[in-house]
Amino acid sequence: MKQTALVTGGAKGIGAEICRKLATAGWNVFVNYYTSKPEAEALAAEIGGTPIQADVRDFGQVNEMFSATGPIDLLVNNAGIAYYGLFPELSLQKWRELFAVNVDGVFHCTQCALPHMLREKRGNIINIASVWGMVGASCEAAYATTKAAVIGLTKSLAKELGPSGIRVNCVAPGAIDTDMVQALSEEDLAAVQGETPLGSVGQPRDVAHLVEFLASHRARYITGQVISPNGGLVI
């Protein structure tokens, strides 16, 4: 019987590539989206998955989403937003918006996924953070702080849930060719590439391959880890 995965923010970018890779590996995939309905429906049709709408900031919507999916074996907390700007110009509203999506969203989805996993004494949670959550980032203080929180939650849950047979890991990508990176100026992009030993930005599939590995039995003895596909940008 196929195992079931839910990927939040799965309609585009890294999330979409994760959905494709999991489907190819034999998973039944739910493609979560908030506003990207056409992209989610097209992707679901492509991979034989199911699109499902929910704003991860809203626990009520998340709870309804999990009621609709039924029990899941794998949760990939991928939904996230970014903000670039000087810290003195960062509003409290923007700060809270980033935490609502990037941290509260992970909390909401994990809370809803766990009851079944705990009953079954098995399960897998993979959180998508960022290399900036590991080392900090100038002009991205709020984003880096939310991703550092996700890393801390990952490690804590791995210790708490390991005895119940549930693995929790974190993937912390570097610069990946998505909308976030494409928004950079040519000068800033060239600077990132110049600081990266492998000399280029990564592709969404580089993250998806790692997620699929961590989701598989091949990674059965890996939990509580933060793995960063970043081309050597941070070593």
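Reader: How many disulfides does the structure hold?

Author: A disulfide needs two cysteine sulfur atoms within 2.5 Å. This is a predicted model, and the structure holds 0 disulfides.

Reader: Why is Cys-109 not in a bond with Cys-112?

Author: Check the distance between the sulfurs. The closest cysteine sulfur to that of Cys-109 is in Cys-112, 7.0 Å away, so the gap is too far for a bond. Cys-112 is in no disulfide either.

Reader: Is Cys-109 buried or exposed? And is Cys-112 buried or exposed?

Author: Buried means under 20% relative accessible area. Cys-109 has 0%, so Cys-109 is buried. Cys-112 has 15%, so Cys-112 is buried too.

Reader: Now helix 9. What span does helix 9 reach from its first C-alpha to its last?

Author: Compare the span with the one expected at 1.5 Å a residue. Helix 9 covers residues 204–215, 12 residues in all. The helix reaches 17 Å, close to the expected 16 Å.

Reader: Which residues of helix 9 are buried?

Author: Start with the general idea. An α-helix has 3.6 residues a turn, so residues three or four places apart point the same way. Now the case here. The buried residues are Pro-204, Val-207, Ala-208, Leu-210, Val-211, Glu-212, Leu-214 and Ala-215. Note that Glu-212 is on that list.

Reader: What covers the buried residues of helix 9?

Author: Look for contacts from other elements. The cover includes helix 1 and four strands: strand 4 (74–77), strand 5 (123–128), strand 6 (166–171) and strand 7 (226–227).

Reader: On to pockets. How much space lies in the largest pocket?

Author: About 1,500 Å³. The lining has 50 residues. Closest to the centre are Gly-80, Ile-81, Ala-82, Thr-178 and Met-180.

Reader: Which elements give two or more residues to that lining?

Author: Helix 1 (13–24), strand 2 (28–33), helix 6 (141–161), helix 7 (179–182) and helix 8 (186–195). Helix 8 gives the largest share, 4 residues.

Reader: How do the residues of the lining of the largest pocket divide?

Author: Sort them by class. There are 29 nonpolar, 13 polar and 8 charged residues.

Reader: What volume does the second largest pocket have, and which residues line it?

Author: Its volume is about 250 Å³. The lining consists of Gln-3, Trp-27, Asp-73, Arg-122, Gly-123, Asn-124, Gly-165, Arg-167, Ala-215, Ser-216, His-217 and Arg-220. By class, 2 are nonpolar, 6 polar and 4 charged. Ala-215 links two topics: this residue lines the second largest pocket and is one of the buried residues of helix 9.

Notes: Residues are numbered from 1 along each chain as its sequence is written. This is a predicted model: local features need pLDDT of at least 70, side-chain atom pairs count only at pLDDT 80 or more; totals for chains, interfaces and linings use all residues. Side-chain values use heavy atoms; hydrogens and water are left out. On a 1 Å grid over the protein atoms alone, a cavity is a set of points where a 1.4 Å probe fits but cannot get out, and a pocket is an open set with protein on both sides within 12 Å along at least five of seven lines; lining residues have an atom within 4 Å of a point. Grid points are joined across faces, edges and corners, and a volume is the space filled by probe spheres set on the points. Ala, Val, Leu, Ile, Met, Phe, Trp, Tyr, Cys and Pro count as nonpolar, Asp, Glu, Lys and Arg as charged, and the others, Gly among them, as polar. The expected span of a helix is 1.5 Å times one less than its number of residues. Buried means under 20% relative accessible area, exposed over 50%, partly exposed in between (1.4 Å probe, protein chains only). Contact means heavy atoms within 4.5 Å.
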